[in-house]
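Trainee: I'd like to learn why structural terms get used the way they do. Can we go through a structure together, one term at a time?

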Amino acid sequence: MTEIDSNTFHPLEKTVLKNLVKKKSINLDELSTASGLNIDQIRRSVEWLKEKKLITVKSVETKSYSLGEEGKKVLNVGLPETRLLKTIESNNNKITLRELSENKSFEGNELSAALGYARAQKLINISKEGNDTIVTVVSKIDQKLEQNFLQKLLNSVESENISKDEAILLKSFLRRPDFIIINSIKESRIELSETGLRIAPTVEISDEVDNLTPDLIVSGNWKTSKIRPLNLNSPVPEIFSGRKHPMQLFIDEVKEIFISLGFEEIQGPIIQSCFWNFDSLFTPQDHPAREIQDTFYIEDSTIDNVATQETISNVSSAHETGGNTGSKGWRYKWNSELSKNVVMRTHTTPITIKYLADHTPDDAKVFSIGKVFRNEKVTFKNLVEFNQIEGIVVGEKVTLRDMMGLLTKFYEKLGLHKVKFWPSFFPYTEPSLQSMVYHEGLGRWVELAGMGIFRPEVTIPLGIKHPVLAWGGGLERLVMLKYGIDDSRKLYENDLDWLRRFSLCP
Ligand code: PHE
């Protein structure tokens, strides 16, 4: 660390440092009195100096003691055991128990308490002499000390002003109920740090200008005044301005990329009929993905008129026999009732397929981004609710190669360069592929998106004539790769600290 330049210190800091030179340790009030600064100025400069590591601030607790209710009662008469000893001594150091019990100066059970205490402390001896029980003093106590200390305790006494002998007395006083009142005061004590000790004596308070005012400029006095230099290395409080959630930032970036590649965005509802989520995509009605373990169904609801009669009938034939698609179909009885069930969409592909049904385009480049839902166990890489990016290219001459090229470009724009494509399977595409990217952190290839060319069983029932390249994949995994996040749950914990410190340039 470079040595701090004391010229850059604020006048308040200089004043405080100067006042600390002669003191080993000082509290805020004392510092205020000594320096002539008000308490707010002291507080501010103490904060600054602490940041600069020129001082240390310790919180110290001091205790003070004073007489309580019971303590005040004995102040003039003395403690019962002291009175007991006095009584015995003034009786030639020998008194019978009977005589003591007849002594009117002891009230209530004072006498037995005093006897018990004095005996336990080995101050007295109790013995038999004929029929009498005799009490004698065997060890004296310092009555003067006790009396003086009680007197002293009328005012509050700080622990540092209590002598060793008094401390022993205090210990016994504290055992008596309501005898002593303890007051504890917490205060901040300020001391020069090692650096502070070195620098403080060199600090000079001079007449310098801390604020360049209009007056100084207009009068021209700024030319001759000494202006305090700024310390550009001085630590400042962290400020967290508002910012977008990393997921939203990423969604914006992905949209930007597809738009720059000539795509248009399309949207669709989160709640879908089974017809658009599964049936129109040639997913057989007994497919495991349709089970409730995998898909969230909306209870007790159905959607009527999911599509035109013609579309429903075409899709039904494709499933049962293949219809006019050149396929043999799945060869089962398609149930229109099941297609009316309502689900939280399990992928964004229903948006794509509905778009194709509505527009029957010969050429198209569209994409969509949205939430999808899967009834799965949540893990570091699986969420129940996540975002998908989905897109299609429709055209007379488009091929699988075009799609691989397009996605390679997309990943490149995200900074992912080690990408490859593997054969895969989806009920609605043929051929089917899956894109994989090499994860440096994990040291292995991870799956990014599914894709393929829509099967004739999907396109022909909707009246689509040209090939449709289609792909779709989760966004969270891409965000994790891009920003080096190792647990997808982190994105949705709403951990403010994490969100504030999240770095876009890991
Ligand atoms: N819908 C598939 C999924 O959710 C992805 C996909 C989209 C596959 C389009 C092929 C074509 O994983």
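Mentor: Sure, let's start with two helices: helix H2 (residues 28–35) and helix H3 (residues 39–51) pack at an angle of about 110°, with their axes 9 Å apart. Keep in mind that this is a predicted model, where local features need pLDDT of at least 70, side-chain atom pairs count only at pLDDT 80 or more, and totals for chains, interfaces and linings use all residues. Residues are numbered from 1 along each chain as its sequence is written, and side-chain values use heavy atoms, with hydrogens and water left out.

Trainee: What makes H2 roughly perpendicular to H3?

Mentor: Set the angle of about 110° against the classes: under 35 degrees is roughly parallel, over 145 roughly antiparallel, 65 to 115 roughly perpendicular and the rest oblique. H2 is therefore roughly perpendicular to H3. The angle itself runs from 0 to 180 degrees between N-to-C directions, and the axes are lines fitted to C-alpha atoms, for helices over the stretch in contact.

Trainee: And what makes a stretch a helix or a strand?

Mentor: Both are DSSP runs, numbered from the N terminus: helices are H or I with at least four residues, strands are E with at least two.

Trainee: Is the crossing of H2 and H3 left-handed or right-handed?

Mentor: Right-handed. The rule says left-handed if the near helix is turned anticlockwise from the far one by less than a right angle, and right-handed if clockwise.

Trainee: Which residues of H2 and H3 meet?

Mentor: Contact means heavy atoms within 4.5 Å. In H2, Leu28, Asp29, Leu31, Ser32 and Ser35 meet Ile39, Ile42, Arg43 and Val46 of H3. That contact of H2 with H3 divides into 5 nonpolar, 2 polar and 2 charged residues. For the classes, Ala, Val, Leu, Ile, Met, Phe, Trp, Tyr, Cys and Pro are nonpolar, Asp, Glu, Lys and Arg are charged, and the others, Gly among them, are polar.

Trainee: How do you know how H1 and H2 lie?

Mentor: Same recipe. Helix H1 (residues 11–21) and H2 pack at about 100°, with axes 10 Å apart. H1 and H2 are therefore roughly perpendicular to each other. Thr15, Val16, Asn19 and Leu20 of H1 make the contact with Leu31, Ala34 and Ser35 of H2. By class, the contact of H1 with H2 has 4 nonpolar, 3 polar and no charged residues.

Trainee: Why are H12 and H18 called roughly perpendicular?

Mentor: The axes of helix H12 (residues 246–260) and H18 come within 10 Å and cross at roughly 100°. H12 and H18 are therefore roughly perpendicular to each other. Here Met247, Phe250 and Glu253 in H12 meet Glu476, Leu478, Val479, Lys482 and Tyr483 in H18. The residues of the contact of H12 with H18 are 5 nonpolar, no polar and 3 charged.

Trainee: Now, what makes a space a cavity and not a pocket?

Mentor: On a 1 Å grid over the protein atoms alone, a cavity is a set of points where a 1.4 Å probe fits but cannot get out; a pocket is an open set with protein on both sides within 12 Å along at least five of seven lines, and lining residues have an atom within 4 Å of a point. Points are joined across faces, edges and corners, and a volume is the space filled by probe spheres set on the points.

Trainee: How many cavities of 30 Å³ or more come out by this rule?

Mentor: The count is 1. The largest cavity has a volume of about 40 Å³. Its lining includes Ile389, Phe410, Trp471 and Leu478. By class, the lining of the largest cavity has 8 nonpolar, 2 polar and no charged residues.

Trainee: What volume does the largest pocket have?

Mentor: About 1000 Å³. Of the 41 residues that line the largest pocket, the closest to its centre are Thr346, Arg374, Gln388, Phe426 and Glu447. Strand E18 gives the most to that lining, with 7 residues.

Trainee: And which residues are closest to the centre of the second largest pocket?

Mentor: That second largest pocket has a volume of about 470 Å³. Of the 18 residues lining the second largest pocket, Glu70, Val74, Pro80, Arg83 and Glu110 are the closest to its centre. The largest share of this lining, 4 residues, comes from H7.
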